[in-house]
Amino acid sequence: MDFNMKKLASDAGIFFTRAVQFTEEKFGQAEKTELDAHFENLLARADSTKNWTEKILRQTEVLLQPNPSARVEEFLYEKLDRKVPSRVTNGELLAQYMTEAANELGPETPYGKTLIKVGETEKCLGAAERDFIHSASINFLTPLRNFLEGDWRTISKERRILQNRRLDLDACKARLKKAKAAEAKAAVSSPLIIPHNAQGLALLSLESCWGKDDRRAEQELRVAQTEFDRQAEVTRLLLEGISSTHVSVPDPLEDSDTDLKKNSSFPSRFPGTFVGNTEPASSPLSSASLATAAATIPVVPTVAGIPATGEAAISLDDVAPPASGTRKARVLYDYEAADSSELALLADELITVYSLPGMDPDWLIGERGNRKGKVPVTYLELLS
């Protein structure tokens with residue numbers, strides 16, 4: 001194999017010079033070129049971004065796939081550029097077991113009906129989990145991995161080059177300083193004389209060599225300074241580009257959060273209810289039966305000064321429930337009140353409900369203790 005010995009020797013010399021400079025700096029025996037405050041802030045911000053990105057990425061992977069063996073398997077598939085096999089979520093597996101158990105024990109029995117109904121809901125939960133994992137992996141984890149495997153690798157490479165350029169620059173400064181010190185010392189100890197013999201000629205020759213060493217050190221310093229400044233500018237631009245990463249990441253993060261809220265919207269995704277009674281009357285009311293259900297709720301007579309139409313104009317503080325005939329309702333799902341006119345709900349709690357003239361049939365008035373407000377019918381199971 002043909003080796004370029006001159007290049008090999010040159011590289012070894014450069015490596016040795018950098019190692020000596022680095023070691024002397026660590027022991028405080030050599031001066032070090034300091035970067036400006038803005039550059040140091042950019043470096044600190046980049047390191048912080050990288051560290052937190054790694055932590056968020058690892059914890060998100062744990063959240064999406066708690067099984068460490070499965071995570072290792074998926075990592076190997078990705079490194080081998082092979083498609084990760086599809087996995088059944090825990091909810092989907094539970095739904096499968098419940099459905100099979102219901103079919104074997106009797107789908108027409110109360111227990112079998114309950115298993116089927118719960119299995120359907122667990123299947124929807126599993127599908128929602130699968131959708132969320134897929135969406136989070138694409139929309140959130142992919143930008144984080146792209147930053148660590150792309151942008152950060154480039155930044156790290158340029159930072160290493162900048163560190164080498166800085167070591168070269170400081171080594172040149174040290175050589176020039178030593179050359180000037182040696183020249184000054186020689187000038188003091190050996191003043192210039194007019195040569196009349198061979199010894200005088202040797203003295204002038206030695207001083208000429210010292211001058212050449214000085215000029216060569218100055219030339220090397222100018223070259224090292226130019227290369228350092230050029231590399232510092234390249235690194236600075238890359239570090240400032242991290243700000244664009246901070247701007248682009250929130251978009252996929254917000255998309256993942258939106259998908260999570262969408263998938264956790266129980267009334268729109270999960271059919272039926274599985275608590276207690278398994279008869280059709282226990283199911284959440286369909287859109288077609290909302291008007292019929294609302295019609296069975298006792299109607300409070302119109303209060304003087306309160307309009308009969310337009311629920312937004314109703315003052316709930318002035319409305320009293322009917323003396324008799326109010327109905328109890330069990331809350332099926334948690335509900336967060338959108339404003340002060342609505343009543344926040346907790347799953348499985350019992351509240352009193354009734355209707356007002358002109359109200360939207362999709363809404364009722366709910367009372368819990370001394371609190372009252374509008375509640376959506378789809379979140380309730382009306383009890384007799």
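Which exposed residues does the face of H1 turned away from its buried side carry? Select Met5, Ala9, Phe15, Phe16 and Lys26 and you have them; exposed means over 50% relative accessible area and buried under 20%, with a 1.4 Å probe and protein chains only.

Before moving on: this is a predicted model, where local features need pLDDT of at least 70, side-chain atom pairs count only at pLDDT 80 or more, and totals for chains, interfaces and linings use all residues. Numbering runs from 1 along each chain as its sequence is written, and side-chain values use heavy atoms, without hydrogens or water.

Now show all of H1, residues 5–26 (helices are DSSP runs of H or I, at least four residues, numbered from the N terminus). Its 22 residues reach 31 Å from first C-alpha to last, close to the 32 Å expected at 1.5 Å a residue, that is, 1.5 Å times one less than the number of residues. Flip to Arg18, Gln21 and Glu25, which are buried. They sit on the same side of H1 because they cover an arc of only 65° around the axis, taken from the directions from the axis to the C-beta atoms. Step past the helix to Gly28, where phi is positive, near 70°.

Next stop, the largest pocket. Centre on Gln65, Glu74, Glu78, Ser137 and Arg145, which lie nearest its centre among 38 lining residues (those with an atom within 4 Å of a pocket point). A pocket here is an open set of points on a 1 Å grid, with protein on both sides within 12 Å along at least five of seven lines. Colour H5 (110–189): the largest share of the lining, 15 residues, comes from H5.

Notes. On a 1 Å grid over the protein atoms alone, a cavity is a set of points where a 1.4 Å probe fits but cannot get out, and a pocket is an open set with protein on both sides within 12 Å along at least five of seven lines; lining residues have an atom within 4 Å of a point. Helices (H or I, at least four residues) and strands (E, at least two) are DSSP runs, numbered from the N terminus.
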